[in-house]
Protein chains: 4
Amino acid sequence: MDIGFIGLGRMGAGMAANLAKAGHRVLAYNRTPEKARALAGHGVQPAASVADACRGQAVFTMLADDAAAESLVLGVGGVAASLRRGALHVSSSTISPALAKRMAAAHAEAGQLFASAPVLGRPDAAAAAKLFVLAAGEAEAVAAARPLLDAVGQKTFVISGPPEAANLVKLSGNFLIAATIEALGEALALVEKGGVDKRQYLDFLTSTLFNAPIYKTYGAALVDGAFEPPGFAALLGAKDIRLTLAAAEDLRAPLPIASLLRDRFLSLLAHGGDQLDWSAVGSLAAKDAGLG
Amino acid sequence: MDIGFIGLGRMGAGMAANLAKAGHRVLAYNRTPEKARALAGHGVQPAASVADACRGQAVFTMLADDAAAESLVLGVGGVAASLRRGALHVSSSTISPALAKRMAAAHAEAGQLFASAPVLGRPDAAAAAKLFVLAAGEAEAVAAARPLLDAVGQKTFVISGPPEAANLVKLSGNFLIAATIEALGEALALVEKGGVDKRQYLDFLTSTLFNAPIYKTYGAALVDGAFEPPGFAALLGAKDIRLTLAAAEDLRAPLPIASLLRDRFLSLLAHGGDQLDWSAVGSLAAKDAGLG
Amino acid sequence: MDIGFIGLGRMGAGMAANLAKAGHRVLAYNRTPEKARALAGHGVQPAASVADACRGQAVFTMLADDAAAESLVLGVGGVAASLRRGALHVSSSTISPALAKRMAAAHAEAGQLFASAPVLGRPDAAAAAKLFVLAAGEAEAVAAARPLLDAVGQKTFVISGPPEAANLVKLSGNFLIAATIEALGEALALVEKGGVDKRQYLDFLTSTLFNAPIYKTYGAALVDGAFEPPGFAALLGAKDIRLTLAAAEDLRAPLPIASLLRDRFLSLLAHGGDQLDWSAVGSLAAKDAGLG
Amino acid sequence: MDIGFIGLGRMGAGMAANLAKAGHRVLAYNRTPEKARALAGHGVQPAASVADACRGQAVFTMLADDAAAESLVLGVGGVAASLRRGALHVSSSTISPALAKRMAAAHAEAGQLFASAPVLGRPDAAAAAKLFVLAAGEAEAVAAARPLLDAVGQKTFVISGPPEAANLVKLSGNFLIAATIEALGEALALVEKGGVDKRQYLDFLTSTLFNAPIYKTYGAALVDGAFEPPGFAALLGAKDIRLTLAAAEDLRAPLPIASLLRDRFLSLLAHGGDQLDWSAVGSLAAKDAGLG
């Protein structure tokens, strides 16, 4: 199939290469064209423009944030304006549900198919086609996207509801991780003040009830105070909590832990923590307790 | 070894039987003597009084709450007054760190050994000697308790710090579970309002990042609204959060999620939820969002 | 002076009339022209368009929200595009600091003066020229605006800092009122559950430490459960808390009580409370406590 | 009337002197007898013991905390054991509702009258008989106490409900003050980050909607960062919030702002703030925002 791919950051590059590896002709566009040329060896051809990348039956977008996605999808000369009638847009960026909804409306008006398909995983998972993929949209769009999504991930979860439901689920996952970080941070501050060795404590937790990777990964970061270099920067974590709260506000769903996390992230950023790993929010409970 | 055992509820009965099975002579005391007699077939002999159960080299206590433990350990004719010099008291009740500290002081003054050894696990784990055991105290006391603890559990975690540190760690574990319930409840309310099927959502979570038993168990209870009969009653969950906050107050450690949980439990109890499973606190986010 | 006035709602109508009463020639524009004609008897002349209202030395805007203000000030044919070089724009709408900042930039670029001057008070205070007025901006702009502001209010408070500081102060005032409502709601729920008569309690509070009008006004609403008709609708209160939190986010200032209020308002709206008076958020504490 | 007075701290001394001034024979007891002797010039006679102070028709207690009040009222040789049948105990200490309830039960069993009558005001108000007095209890007890209370305060508020309702109302008042401090602290942090001068801001607030003494007093402390010497120490403020939350827990009333205040006070104490004025809790919002 002829597939366009817009956005060749660390995630997008791996995804585009995997689509090519699955046998598709991939035309890739990036604002800085070097990144597209770097993929030539992986069977990916550079596209001259967004419109150029939209010539085929499908196009993926994998962009950094709402501003970039809005501009390249809904702006002048963007995907919605360029894609042919009946062709498919797969949006894999982590964007707000509100923007996904507006994309869905624009594509519906233009007679195009739209699948909202954010992904979970780090760049290494993207390169190895080991992402988890969420997918929501009209049945026809999701069906058309399905084989492409299976080519970039290890498992695709089809989410009922409108297209933006997939974005909401993605955000809720990051919220749950951040909530775990905060709860762990509070528990660690408590037991440390009670004289317990933190490593011993984490070993106990992760050997018994909390034997999931997130407790091990973030627990170790908190115990060691190892927040640099960031796996996921606090500034981006703060953005995802903001998007979660904005979506919750539109849906009229109070989320007290998310509100707490918002305040925690703001405090972290106010103290210069933009480029720390987002798990650093879990260190604020210790600070409030007079530790460290 | 001659071992006394005080408190034959659903947890204590299994623990006492496993001590007998390991070859010890167990003298068991319970306020209502029928429970001690029921264990006769398991090699456990009934004791006539607390003092009677304190005749051997060691005595366990497994009591319902601070009031019972304070009365039977520190009260007139209690364990501290009855145990011989050099003998060992193993306290496995889920009690406040403050009470464990007072027990430690009383035993030190009386020249007795004291190990604080709360356990994690349900009655079936107690019966199968599959508990996780925490242990803290003077090295001599923990060493003496160790083979006995290994007889009632699958693994013993020795916790550095004073005896009450083990109780603090136990409480912190329940706090972390309750925090997970609340966070899940918020995430479920959010995605349900966004049109997502809750079972589908839980399947996604537990297939990806949140593949730990607690997410599966409590997530299913929340999705199904299945809070009866209680595995662990809300009234007891509320008590553990209260003990956690009291310990945190003594240590001057602010715990905002624990504060939120306290308010959630109070709201649940104010609406008649004492005997619901404690996971019902996770349903309040949906209620606040106008669902159900 | 020739003054334009854009936005003749209940607040703007009174302000425009008072400017006319002070001897100015007022050209007033409203989307629905009837409102401008209704003011003819008060010395106010209808303007045909925004541009028409911008012909004089100064123009006021008093619009409902950010969307309206952005469109009529920064949009095509708006105030910034229409006002002559050196003329003054006084923005009295309750808008976000972020929008005020953008207005300031646009006016600076166009060589116009800009004073941000939100007001406090109800429509009856606007009609009686009894408003409290905040004013911020370049010294020249504030000086030019000052006599006009004194004509619409009883007192003008000049706020140091950039123009948007006045909007921030306005929002913070509404935040403080909402915080008072919530605190009162919690205190009332507590004492009511303790068997105290709520009216007696409010009489005690407002006779001793809390003898300010806001405690009397909102306390009475809470005691009586009298939330209709709204003096200030919950939907607008929720909007102001949202604007406060957005400004706080830009400034990296965590505001835990504002976060709580946000969740309270969402819960109220989720239960159909859009058109209740905003003091109804104070009734949620009683609901959580199982009352009413 | 022959009246005993137990507890001659800065508050009690003024109250005892005013009872004497009103024509009563006052027998005063204090743990350190110098304080009783110091009042001799004010018509107050020293009592040799608690029992000695309980010989008349009425006895006041004005003690520092629950521990002191429990010991001297309910302990061996205490007020309940010493007072004659039909005589009156007026408890003016700021104690927990739970303890007041136990006092009421003890006095009822002993056939004595009991009025719970906590007071509001500083030592200078106590000296000048300008206290505000709360009173609750059986009608007969309140009627008997009324003229005595009128002698120590400027106004007496009779509170319906059980005796401990007066203590609950007292605590709720301190909660409302602390909530105001926190809200002001958040607002000040917000506007300061927005470039507004704090003194100018406070002048605006207290000239318009918030013209009550508490805003002026605590606002000035926050603006100046003047927390020493303490008017009311943070350690005592923390205690009152703890008592408020304990009472709310017994009544099953969630109080989210009180929960927040609890965490704020713990953070303040964890950083060595025990002897700062309790308004220092309002400075934590600025700290979290990276100020100061």
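Two cavities of 30 Å³ or more turn up in this structure, which is a predicted model. Here is how they line up side by side.

| Cavity | Volume | Lining by class |
|---|---|---|
| Largest | about 70 Å³ | ten nonpolar, two polar, no charged residues |
| Second largest | about 60 Å³ | eight nonpolar, two polar, no charged residues |

Start with the largest cavity. Chain A lends Leu176(A), Ala179(A), Thr180(A), Ala183(A), Tyr215(A) and Ile257(A) to the wall, and chain B lends Leu176(B), Ala179(B), Thr180(B), Ala183(B), Tyr215(B) and Ile257(B). Helix H9 (164-193) of chain A and helix H9 (164-193) of chain B are the elements that each put two or more residues into this lining.

Now for the second largest cavity, where chains C and D do the lining. From chain C come Leu176(C), Ala179(C), Thr180(C), Ala183(C) and Tyr215(C), while Leu176(D), Ala179(D), Thr180(D), Ala183(D) and Tyr215(D) come from chain D. Here the elements giving two or more residues are helix H9 (164-193) of chain C and helix H9 (164-193) of chain D.

So much for the holes; what about symmetry? Chain D lands on chain A after a rotation of 180 degrees with 0.0 Å of shift along the axis, at an RMSD of 0.1 Å. That makes it the relation of a two-fold axis. In chain D, Asp288(D) has the C-alpha nearest that axis, 4.7 Å away. Both copies use the same surface, too: 100% of the contact residues of chain D recur in chain A.

Terms used:
Residues numbered from 1 in each chain as written. Chains lettered and ligands numbered in written order. Predicted model: local features only at pLDDT ≥ 70, side-chain atom pairs only at ≥ 80, totals over all residues. Heavy atoms only, no water. Least-squares fit on C-alpha atoms with pLDDT ≥ 70 in both. Contact = heavy atoms within 4.5 Å. 1 Å grid on protein atoms, 1.4 Å probe; cavity = no way out; pocket = protein on both sides within 12 Å on 5 of 7 lines; lining within 4 Å. Points joined across faces, edges and corners; volume = space filled by probe spheres on them. Helix = DSSP H or I, 4+ residues; strand = E, 2+ residues; numbered from the N terminus. Nonpolar A, V, L, I, M, F, W, Y, C, P; charged D, E, K, R; others polar.
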